[in-house]
Structure formats: C-alpha cells, structure tokens
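Grab a coffee and open the model in your viewer. Below are some exercises, each with a solution worked out step by step.

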Amino acid sequence: MDASTFHVPRPSEEAGRLNVSFEFFPPKTEAMEETLWRSIERLKPLAPAFVSVTYGAGGSTRERTHATIARLLAETELKPAAHLTCVAASKAEVDGVVRAYRDAGIRHIVALRGDPANGAGCAYAPHPEGYKNAAALVEAIARSGDFEISVAAYPEKHPESPSIAADIDMLKRKVDAGADRAITQFFFENDAFERYVERVRAAGIAIPIVPGIVPVHSFKQTSAFAARCGASVPGWLAKRFEGLEDDPTTRQLVAAAVCAEQVLDLVDRGIVDFHFYTMNRADLVYAICHLLGVRPAKTPELVSQE
C-alpha cells in the first residue's frame, strides 16, 4: 500500500468472494456482556466463516470464554473457535479444557502459547508439567479429536523471537504438528505481510496465512498495544489520525477508510480471507465490511398472490 497517498476505498470486483472472521473477548461485567452480544448480533448477518473467543493468560478467562462459546453454540448458527493457551497450566489441565470444548460441540481451536503469566514483556517460562510451546499444544489437540486448529503467525516477528526465520521455523513445527491455518498478528504495512508470506511459502508451508486486521478505534490505544506485541506503527498512519483525539466522529470515518484501503490493497494482491480483531465493537467493523462488499444475505422479496 502506498503510504504517501490516501485512496478512497472503492468497490472491489473480488469483494463478493471475500471470507471474513471475527475475534471477540469474553466480557468481565454485565455491561461488557451486553456490549459483546450487541456486537455479535450486529455482525452475525455477515455470515463469517467463524468467530473466535480469546482466552486469558493462565486460563484467567477460562470460564468466561467457555460460557461465551456455549452461548454462541446455543443461540446462534455461528461457528465458534475457542482460544487455548498453555501458560501456567499442566498438560492435564489443558487436556481437560480440550475435552470440555469437544463435549460442548466445539470443533475449532485457536492454539497459542500465550503471553507470560506476568504480562507481555516478561520472560516466558513453561509450566513444569505443561506443554512447552504452541507446537506441543497443537500436537496434543490434534491427538485429542477431530479439531480444526488455527495458530498464530507474525509478519514482523514475535517480540520474543530472535528473527523472522526463527518464527517461520516455529510455524513449520506447528504445521507439522497438525495446524490447519495461521492467523497473523495485526499489521499496517502490506508489503511486510507479502514478504513474510513469500518466505513462509519458500519454507514449504502451504496452509492458509490469514491476515489479522485491526480497525483503529483509538490511535493512542492501538499504538500502545502494537508496541507490546511487536507490530510497527508507520508514520503515515500517525498522520492520518493527527489532531483527531477529541473528534471521535471524524476519527471513526478515517479509521473505516484506512482499514478498507488496507484490505482492498490485500485483495488486489490475491488475498480473500481476513480475520478482524473487533475489540467487541461492531459498528466500525460492520462499516468496513460494507465498504468491502461483505453484506448480509438479501431476504427474497415476498411475491403478492393477489
């Protein structure tokens, strides 16, 4: 994507065949739960390929994640994917969660090593009786039943990794263990994503690499989050949001245009699958999907019998 110019997003001929998925996080309060379910109801008509629900470090949101997934299964026709990490948990505990997911009817798990229990930036130490990394976790899930398994990928490398080459080696280990799909950390430079995919393919990895897309609800918050997870924030992006800290209406319009521009550029490069980090806020994601041509299925008009 050319960072020096700003193109108004245009309808894409390819947009009709785009596949989207959405990520949510389990609510901590009743008010947050209402917000979550309003978001789910808002995005549900877009018929996502799946919706994922995150899982806190050390299983800190385990019960809430499971409750959200159970409600998705009971009250919607959406296909839920449950996150699972191996942080601060024994193999027996993790295996128990996998069995509980299977018994609940879940057939898709997003398998992640997870952030250190003390928070991102701290040194990671495997549980002495746990799975040591994501590859070992994937292998265990693959042994446990008929699950679709998604894993993480890092176009700009994981912040703890010594190099992108080391990251790609870990991705290959996850694929060899049974991963079906990789979803990337969010990014803003499409050239970096394209270079990464080229290196992944050169390493003999053939599974889909789905770009993770984050709409910028708040530039300040997104920048802070990016710093923690190793995603770069280019100067041109900062300029787009300059002076909009106290202007949420304009900020949201700019955010929708910027995000749609990024995705349409990826469509032009042959990408058709996209995973949106919704932050449990639907309106901006819905607007972006509309710009991309991802719309609710039209209800056939009733023909008068008179």
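Before we start, a definition: work on a 1 Å grid over the protein atoms alone, and a cavity is a set of points where a 1.4 Å probe fits but cannot get out, while lining residues have an atom within 4 Å of a point. The model is predicted, so local features need pLDDT of at least 70 and side-chain atom pairs count only at pLDDT 80 or more, while totals for chains, interfaces and linings use all residues. Residues are numbered from 1 along each chain as its sequence is written, and side-chain values use heavy atoms, with hydrogens and water left out.

**Exercise 1. Find the cavities and sort their linings by class.**

Step 1: count them. There are two cavities of 30 Å³ or more. For volumes, grid points are joined across faces, edges and corners, and the volume is the space filled by probe spheres set on the points.

Step 2: take the largest cavity, at about 50 Å³. Its lining consists of Phe188, Val214, Pro215, Val216, Ala255, Val258, Cys259 and Gln262.

Step 3: classify. Ala, Val, Leu, Ile, Met, Phe, Trp, Tyr, Cys and Pro count as nonpolar, Asp, Glu, Lys and Arg as charged, and the others, Gly among them, as polar. That gives seven nonpolar residues, one polar and no charged ones for the largest cavity.

Step 4: do it again for the second largest cavity, about 40 Å³ in volume. Around it you'll find Tyr154, Pro155, Glu156, Lys157, Gln185, Phe186, Phe187, Cys229, Gly230 and Ala231. Here the split is six nonpolar, two polar and two charged.

**Exercise 2. Look at Lys157 from that second lining, then at Met279, and describe the backbone and surroundings of each.**

Step 1: place them. Lys157 is in the loop between strand S5 (148-153) and helix H5 (164-177); helices (H or I, at least four residues) and strands (E, at least two) are DSSP runs, numbered from the N terminus. Met279 is in the loop between S8 and helix H10 (282-292).

Step 2: check phi. Lys157 is not a glycine, yet its phi is positive, at about 70 degrees. Met279, also not a glycine, has a positive phi of about 55 degrees.

Step 3: check accessibility, where buried means under 20% relative accessible area, exposed over 50% and partly exposed in between (1.4 Å probe, protein chains only). Lys157 comes out at 25%, so it counts as partly exposed. At 39%, Met279 counts as partly exposed.

**Exercise 3. Which residues do the loop residues Asn133 and Thr54 touch, leaving out those up to four places away in sequence?**

Step 1: start with Asn133, in the loop between strand S4 (108-112) and helix H4 (134-144). Its relative accessibility is 11%, so it counts as buried.

Step 2: list its contacts (heavy atoms within 4.5 Å). Asn133 meets Cys86, Arg113, Met170 and Arg173.

Step 3: move to Thr54, in the loop between strand S2 (51-53) and helix H2 (62-75). Thr54 is buried because its relative accessibility is 18%. Its partners are Glu23, Phe24, Phe25, Pro26, Thr61, Thr65 and His83.

**Exercise 4. Track down aromatic pairs and say how their rings are set.**

Step 1: apply the rule. Rings of Phe, Tyr and Trp (its six-membered ring) pair if their centres lie within 6.5 Å; planes under 30 degrees apart count as stacked, over 60 as edge-to-face and the rest as tilted. The structure has five such pairs.

Step 2: try Phe22 and Phe276. Their centres are 6.2 Å apart and their planes at 45 degrees, so this pair is tilted. Phe22 belongs to strand S1 (residues 19-24) and Phe276 to strand S8 (residues 273-277), so the pair ties together parts 254 residues apart in sequence. Both Phe22 and Phe276 are buried.

Step 3: now Phe186 and Phe188. With centres 5.7 Å apart and planes at 65 degrees, the pair is edge-to-face. Phe186 and Phe188 are both buried, and ring pairs link them with Phe225 into a cluster.

**Exercise 5. Where does an Arg charge sit over a ring?**

Step 1: use the test (NZ of Lys or CZ of Arg within 6 Å of the ring centre and within 35 degrees of the ring normal).

Step 2: read off the hits. Arg42 lies over the face of Tyr286, 3.8 Å from the ring centre. Arg71 has its charged end over the ring of Trp37, 4.0 Å from the centre.

Methods: 1 Å grid on protein atoms, 1.4 Å probe; cavity = no way out; pocket = protein on both sides within 12 Å on 5 of 7 lines; lining within 4 Å.
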